[in-house]
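Morning, everyone. Please have the sequence and the model open while I talk.

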Amino acid sequence: MAKNTREKTKKIAENKDKRPYATARHIRMSPYKVRRALALIRGKSVNEAAAILEYANIVSAEPVKKVLLSAAANAEHNFHMDRGDLVVSEAFADQGPTLKRMNPVSKGRAHSILKRTSHITVILDVQSK
């Protein structure tokens, strides 16, 4: 039994993605809004993507830029990669937990308010030449 568990753990470690990435969880912004900013940077180099997000007139550009720069720092420090060679290979936003609030309306009724959160992930890779 234990032998099988060790083999499974070894197989998972072999198949683990070795690309640098960064994740921001529980960002108080709808994933629909975050995906607009992620679509702008997907496939671009890190420096170009940071410049695009700096001047993008989108509310979600700031948290996405933070995650992008965090992933670039992870690549430099943990994987000893050069920042100029990095490209955004994957960028996605998943839905996090939803905060449920109530808005009182007439006749003693209430309408629900859903305050959505996002989990932002940016995965970098070395640019193929």
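I'll go through some helices, then a few single residues.

One caution to begin. This is a predicted model. Keep that in mind throughout.

Let's start with helix H2. It covers residues 31-41. Which of its residues are buried? They are Pro31, Val34, Ala37, Leu38 and Ile41. Now look down the axis of H2. The buried residues fall within an arc of 120°, so they line one face of the helix. Here is the general rule behind that kind of pattern. An α-helix has 3.6 residues a turn, so residues three or four places apart point the same way.

Now turn to the other side of H2. Tyr32, Lys33 and Arg36 are exposed there.

What covers the buried residues of H2? The cover includes two helices, H3 at 46-55 and H4 at 61-79. It also includes two strands, S2 at 86-95 and S5 at 118-126.

Before we leave H2, look just past its end. Gly43 sits just after the helix, and it takes a positive phi of about 90°. Hold on to that phi value. We'll come back to the topic.

Next, helix H3. Its buried residues are Val46, Ala49, Ala50 and Leu53. Look down the axis again. In H3 the buried residues fall within an arc of 100°, so these too line one face of their helix. Their cover includes H2, H4, S2 and S5.

Let's take the pair H3 and H4. How do they pack? The angle is about 160°, and the axes are 9 Å apart. The cut-off for roughly antiparallel is over 145 degrees. That makes H3 roughly antiparallel to H4. The crossing of H3 past H4 is left-handed.

Which residues meet in this contact? From H3 we have Val46, Ala49, Ala50, Leu53 and Glu54. From H4 we have Ala61, Val64, Lys65, Leu68, Leu69 and Ala72. Sort them by class. The contact has 9 nonpolar residues, 2 charged residues and no polar ones.

Compare two of those lists on your screen. Val46, Ala49, Ala50 and Leu53 are the buried residues of H3. Each of these four also takes part in the meeting with H4.

Now single residues. Leu69 first. We just saw Leu69 on the H4 side of the contact. Is Leu69 buried or exposed? Neither label fits: Leu69 is partly exposed, with a relative accessible area of 31%. Setting aside residues up to four places away in sequence, Leu69 touches Ala50 and Arg83. For a sense of distance, take Val105. Leu69 and Val105 are 36 residues apart along the chain, and their C-alpha atoms are separated by 44 Å.

Back to H3 for Asn47. This residue is found in the helix. Asn47 is partly exposed, at 45% relative accessible area. Which residues is Asn47 in contact with, leaving aside its neighbours within four places in sequence? Arg83 and Gly84. So Arg83 appears twice today: it touches Leu69, and it is in contact with Asn47. Asn47 and Ser106 are 59 residues apart in sequence, and 52 Å apart from C-alpha to C-alpha.

Next, Met102. Its place is in strand S3, residues 99-104. Met102 counts as exposed, at 55% relative accessibility. The cut-off for exposed is over 50%. Not counting residues up to four places away in sequence, Met102 touches Ala110, His111, Ser112 and Ile113. What separates Met102 from Met81? Along the chain, 21 residues. Between their C-alpha atoms, 48 Å.

Last topic: phi, as promised. Most residues other than glycine have a negative phi. Gly43, with its positive phi, is a glycine. Two histidines are not. His26 has a positive phi of about 60°. His26 is found in strand S1, residues 21-27. It is partly exposed, with a relative accessible area of 46%.

The second is His80. Its phi is positive too, at about 55°. Where does His80 lie? In the loop between H4 and S2. His80 is exposed, with a relative accessible area of 69%.

To recap. The buried residues of H2 line one face, and so do those of H3. H3 runs roughly antiparallel to H4. And His26 and His80 take a positive phi without being glycines. Thanks for listening.

Conventions
Residues are numbered from 1 along each chain as its sequence is written. This is a predicted model: local features need pLDDT of at least 70, side-chain atom pairs count only at pLDDT 80 or more; totals for chains, interfaces and linings use all residues. Side-chain values use heavy atoms; hydrogens and water are left out. Buried means under 20% relative accessible area, exposed over 50%, partly exposed in between (1.4 Å probe, protein chains only). The arc is that of the directions from the helix axis to the C-beta atoms. Contact means heavy atoms within 4.5 Å. Axes are lines fitted to C-alpha atoms, for helices over the stretch in contact, and angles run from 0 to 180 degrees between N-to-C directions. Angles under 35 degrees count as roughly parallel, over 145 as roughly antiparallel, 65 to 115 as roughly perpendicular and the rest as oblique. A crossing is left-handed if the near helix is turned anticlockwise from the far one by less than a right angle, and right-handed if clockwise. Ala, Val, Leu, Ile, Met, Phe, Trp, Tyr, Cys and Pro count as nonpolar, Asp, Glu, Lys and Arg as charged, and the others, Gly among them, as polar.
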